[in-house]
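Got your viewer open? Load the model below and we'll walk through it one selection at a time.

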Amino acid sequence: MKSVKIVDAKGLACPMPIVRTKKGMDELRSGEVLEVHATDKGAKNDLVAWANSTGHQLLADEEVDGVFKFWIKKG
Amino acid sequence: MMSTNFKAQLMKAKEVAKIIVNKEDLFILDVRNESDFNDWKIEGTSIEIINIPYFDLLDGVDPALERIPDGKDVLVVCAKEGSSQFIAEQLAESGRSNVFYLEGGMKSWSEYLEPVKVADLSHGGELYQFVRLGKGCLSYMVLSNGEAAIIDTNRMIDQYESFMKEKGVKLAHTIDTHLHADHISGGRALAEKYGAMYHLPPKDATEVTFEYQKLEEGNDILVGNETILVQPIYSPGHTIGSTSFIIDNQYLLSGDILFVESIGRPDLAGLAEDWVGDLRETLYSRYKDLSDELVVLPAHFGKISELGTGGLVSGRLSELYKENPGLNIQDEEEFRRTVTENLPPQPNAYQEIRQTNMGKIKPNDEEQREMEIGPNRCAVHDN
């Protein structure tokens, strides 16, 4: 999936994956897609809830070798 | 130079437990996401708790400050610790004093055991209840003449070990009233470590991969030079092997069959319809034949309101026959419906937990911890 920017939050524990994601998202325009890489297990639920509460849309996610990848479209 | 900076401080699960059993005031700001909060949270009759996810406070903590009452201690809680520290420090920087964050987060809370003395037993023996406040599990330790027996041991065996060390006793027996589905038993690991005997009901142990002592009626267990009698009573229903104990002729350890305000559910091994009759027989006949002066000590509490003085969860059998709704369903068909339909959700990972307790799978520590997260849900009316 095509993304404008990648946020690398691998190895970071909460709250940093979301803090970094938010910062990254602030630089995007509405409709653009941000890609997030994280290794913290709690990150997925929190990213979904955060996206919902801020009006962004989680388009897809996958796990490859312990790395969770997310694609979030800016609302 | 004048400083108005306050610092957020760590609070341990043990300190939170003391606040809850002593019914002291505490305001909790839980910063996990809404679904985790709704699934499971810190409860206490003197606790006031709100949920604002940490990611809704990244632009500033004002929405939280507005809802935090003046004067009370504030404890910020998250899953592991990081996010609560992050938020607590901002609350402190904004000038709020008495701000704490929970060391180890809900993971630590789930694991902490509060030892509560139940009573002195005959010939200098003692009985303790270990209250796992974060999950509702209750386990027990019988102490007598330098020996200990532990019933329904939790996974965190180090907490029993330090307690035994403090008391100067040697472990002789660990006993599980049944094959647990809501938490991983520490009984076998602890028995192996100290050369003690691990007892399990044989009817629950048909698929286990290890050696164990058969827990059956007639095989009484003695603790401390034969001074304390632990007498097994076969009482199926939650599982086919479920076995209760009468300790020192005074205490009925009812496992997951009978709780203070509810009764056990028969569905966690997938055989609800088969076991309903056993459950009814145990609760409405076998237990009725016991002395109603016995004090019931269950393996779980369902509601935090069940905690009595010092955190003790107990009830006299005669009182339970009057007050417990699960013991007062006269119609057999209605009973069947109550214990098989509209049950609360099943405990997290209960299938994997049963497999682990049978020795069939061997998850690592981190995986075991994850499997146990959340409430226990072993009773029919937990919610």
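Here is a tour of the two chains, the contact between them and one sheet. Keep in mind that this is a predicted model.

**Stop 1: chain A**

Select chain A and colour by secondary structure. You should find two helices and four strands, and if you trace them along the sequence they come in the pattern β-α-β-α-β-β. Line up the view with the principal axes and the C-alpha atoms fill a box of roughly 30 × 25 × 15 Å. How does the radius of gyration of chain A sit against that of a compact globule? A compact globule of 75 residues would come out near 11 Å, and chain A has 11 Å, so the two agree. Colour by burial next: 35% of the 75 residues of chain A count as buried. If you like contact maps, take the pairs in chain A at least 6 apart in sequence; 59% of those contacts join residues at least 24 apart.

**Stop 2: where A meets B**

Now show both chains and pick out the residues in contact across them. Twelve residues of chain A touch 15 residues of chain B. On the chain A side, select helix H1 (16–26) and helix H2 (43–54), since each supplies at least two of the residues that touch chain B. Which element gives the most to that side? It's H2(A), with five residues. Recolour this side of chain A by residue class and you get seven nonpolar, three polar and two charged residues.

**Stop 3: chain B as a whole**

Hide chain A and select chain B. Its secondary structure comes to twelve helices and 18 strands. The radius of gyration of chain B is 22 Å, close to the 21 Å that the globule rule gives for 383 residues, so chain B is as compact as a globular protein of that length. Along the principal axes, its C-alpha trace spans about 75 × 50 × 40 Å. Burial colouring works here too: 49% of the 383 residues of chain B count as buried. For the contact map of chain B, among pairs at least 6 apart in sequence, 64% join residues at least 24 apart.

**Stop 4: a six-strand sheet in chain B**

Stay in chain B and select the open sheet with the order E13-E14-E15-E16-E17-E18, where the pairing is mixed. Strands E13 (221–223) and E18 (315–316) stand at the edges with a single partner strand each, so one side of each has no neighbour in the sheet.

Finally, zoom in on E16 (residues 251–255) and E17 (residues 295–298) of chain B, which run parallel and are joined by four bridges. Label B:Leu252 and look across to E17(B): B:Val296 stands opposite.

Methods
Residues numbered from 1 in each chain as written. Chains lettered and ligands numbered in written order. Predicted model: local features only at pLDDT ≥ 70, side-chain atom pairs only at ≥ 80, totals over all residues. Contact = placed C-beta atoms within 7 Å. Nonpolar A, V, L, I, M, F, W, Y, C, P; charged D, E, K, R; others polar. Pairing = 2+ DSSP bridges. Rg over C-alpha atoms; globule rule 2.2 N^0.38 Å. Buried ≥ 20, exposed ≤ 12 C-beta atoms within 10 Å, placed from the backbone.
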